[in-house]
Amino acid sequence: MEELPVPHNIKISNITCDSFKISWEMDAKSKDRITHYFIDLNKKENKNSNKFKHKDVPTKLVAKAVPLPMTVRGHWFLSPRTEYTVAVQTASKQVDGDYVVSEWSEIIEFCTADYSKVHLTQLLEKAEVIAGRMLKFSVFYRNQHKEYFDYIREHHGNAMQPSIKDNSGSHGSPISGKLEGIFFSCSTEFNTGKPPQDSPYGRYRFEVAAEKLFNPNTNLYFGDFYCMYTAYHYVILVIAPVGSPGDDFCKQRLPQLNSKDNKFLTCTEEDGMLVYHHAQDVILEVIYTDPVDLSLGTVAEITGHQLMSLSTANAKKDPSCKTCNISVGR
């Protein structure tokens, strides 16, 4: 009996955060005997596992021989933005139920995609459930060390510059490591209606009137929803001046919110004045995508403590939380 053809020239296409299509070429000889494909998928850190495989070692997926390209979805719990390796065998099922298999193909590497707008909309809907009632606020604020503000004045002409967002939050978030912006907070203390005096990010605080950053000339986007093994949850929102590079980036990747009517952050007009509200039951992290001049607001030392334990810098999302995870990956 002739050996089964070995797949070669493997191609991966139509990659999403939880699926992909795979195709390959193979010699026509003995092709009609193929009844199944064996596909072995590993996270890239395990890429050497294939060299220990033999023809009779069971693989992770046995699929009926269907026309190529074949869509792989749901067979594994694929994670977004993760590097994988894949190898393929052809197989022929015998009358006794055993398989005759080809040699393994070469190993191909690929990376799954970020969350799409569809997946982010699922996260958005989960966040809306727990956002709570809206509280009035009037300023955005940003805490840093004194040296940060000194550096901005000396080296950046008094303007805070956008920087690449870190990898905190959902692993599949399309803004992590890609979107440039400046982080602001807007949370207020329930009893005073003012920003809290404590902060994890530094003892000096820049405060700016809300209308300077969030107004009819800006667009608002939903960026992420996550927690860090804690009872409280974070929502990341992006404010981008209309037509700016940040706005173009977000328009392609993030669900846009109605600035006047959403569950997280609103800007409405009352008696000719802009009025602002934020959600009470989630901690909002607001990213503004353009430079912000310090002359637009004030910098002053806070009277409270620097609570480092509350920092979300590069924080990993809790993958087991049913409140803030969706089924396509972490």
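Biologist: How many helices and strands are in the chain, and what makes a stretch count as one?

Modeller: The chain holds 4 helices and 22 strands. Both are DSSP runs numbered from the N terminus, H or I over at least four residues for a helix and E over at least two for a strand. This is a predicted model, in which local features need pLDDT of at least 70 and side-chain atom pairs count only at pLDDT 80 or more, while totals for chains, interfaces and linings use all residues. Residues are numbered from 1 along each chain as its sequence is written, and side-chain values use heavy atoms, with hydrogens and water left out.

Biologist: Why is T90 called buried?

Modeller: Buried means under 20% relative accessible area, exposed over 50%, and partly exposed in between, for a 1.4 Å probe and protein chains only. T90 has a relative accessible area of 0%, so T90 is buried. T90 belongs to strand β6 (residues 83–93). Of the 330 residues of the chain, 48% count as buried.

Biologist: What does the side chain of T90 reach?

Modeller: The backbone oxygen of P5, at 2.7 Å. A polar contact is a pair of N or O atoms within 3.5 Å; within protein, one must be able to donate a hydrogen and the other to accept it, and residues adjacent in sequence count only if both atoms are side-chain atoms. At 2.7 Å, the pair of T90 and P5 is within the 3.5 Å limit, so the term polar contact applies. With neighbours within four places in sequence left aside, T90 is in contact (heavy atoms within 4.5 Å) with residues including L4, P5, M26, Y37 and V101.

Biologist: What makes G157 exposed?

Modeller: G157 has a relative accessible area of 59%, over the limit for exposed, so the word fits. G157 lies in the loop between α2 and β11, and takes a positive phi of about 60° just after the helix. Neighbours within four places in sequence aside, G157 is in contact with I152 and D293. The C-alpha atoms of G157 and D293 are 8.3 Å apart, although 136 residues separate them along the chain.

Biologist: How do you know that the buried residues of α2 line one face of the helix?

Modeller: In α2 (residues 146–155), the buried residues are Y148, F149 and I152. Seen down the axis of α2, they fall within an arc of 95°, so they line one face; the arc is that of the directions from the helix axis to the C-beta atoms. The face turned away from the buried side carries the exposed residues E147 and E154. Among the elements covering the buried residues are β10 (139–144) and β14 (204–209).

Biologist: Why is a set of residues called a nonpolar core?

Modeller: The term covers buried Ala, Val, Leu, Ile, Met, Phe, Trp, Tyr and Cys residues joined through side-chain atoms within 4.5 Å. The largest such core has 56 residues, of which F140, M160, F184, F222, F264 and L265 touch the most other members. Strand β16 (residues 234–241) gives the most to this core, with 7 residues. A second, separate core of 20 residues includes L4, I22, Y37 and A63.

Biologist: What makes β9 and β18 edge strands?

Modeller: Two strands pair if DSSP finds at least two bridges between them. The open sheet of 3 strands has the order β9-β19-β18, with antiparallel pairing. β9 (134–137) and β18 (265–270) each pair on one side only, and are its edge strands. β9 and strand β19 (residues 273–279) are joined by 4 bridges, and β18 and β19 by 6, so both counts satisfy the requirement of at least two. C267 stands opposite Y276 in β19. The hairpin of β18 and β19 has 2 residues between the strands, and D271 in the hairpin takes a positive phi near 55°.

Biologist: Why is the pairing of the open sheet of 6 strands not all in one sense?

Modeller: Strands of a sheet pair through backbone hydrogen bonds, either parallel or antiparallel. The sheet with the order β12-β13-β20-β16-β15-β17 has mixed pairing. Within it, β16 and strand β20 (residues 283–288) pair in the parallel sense over 6 bridges, and V235 has L284 as its bridge partner in β20. Helix α1 (residues 117–130) packs on the sheet, touching β15 (218–226), β16 and β17, and its direction makes about 80° with that of β15. Helix α4 (residues 245–253) also touches β15, β16 and β17, at about 55° to β15. Axes are lines fitted to C-alpha atoms, for helices over the stretch in contact, and angles run from 0 to 180 degrees between N-to-C directions.
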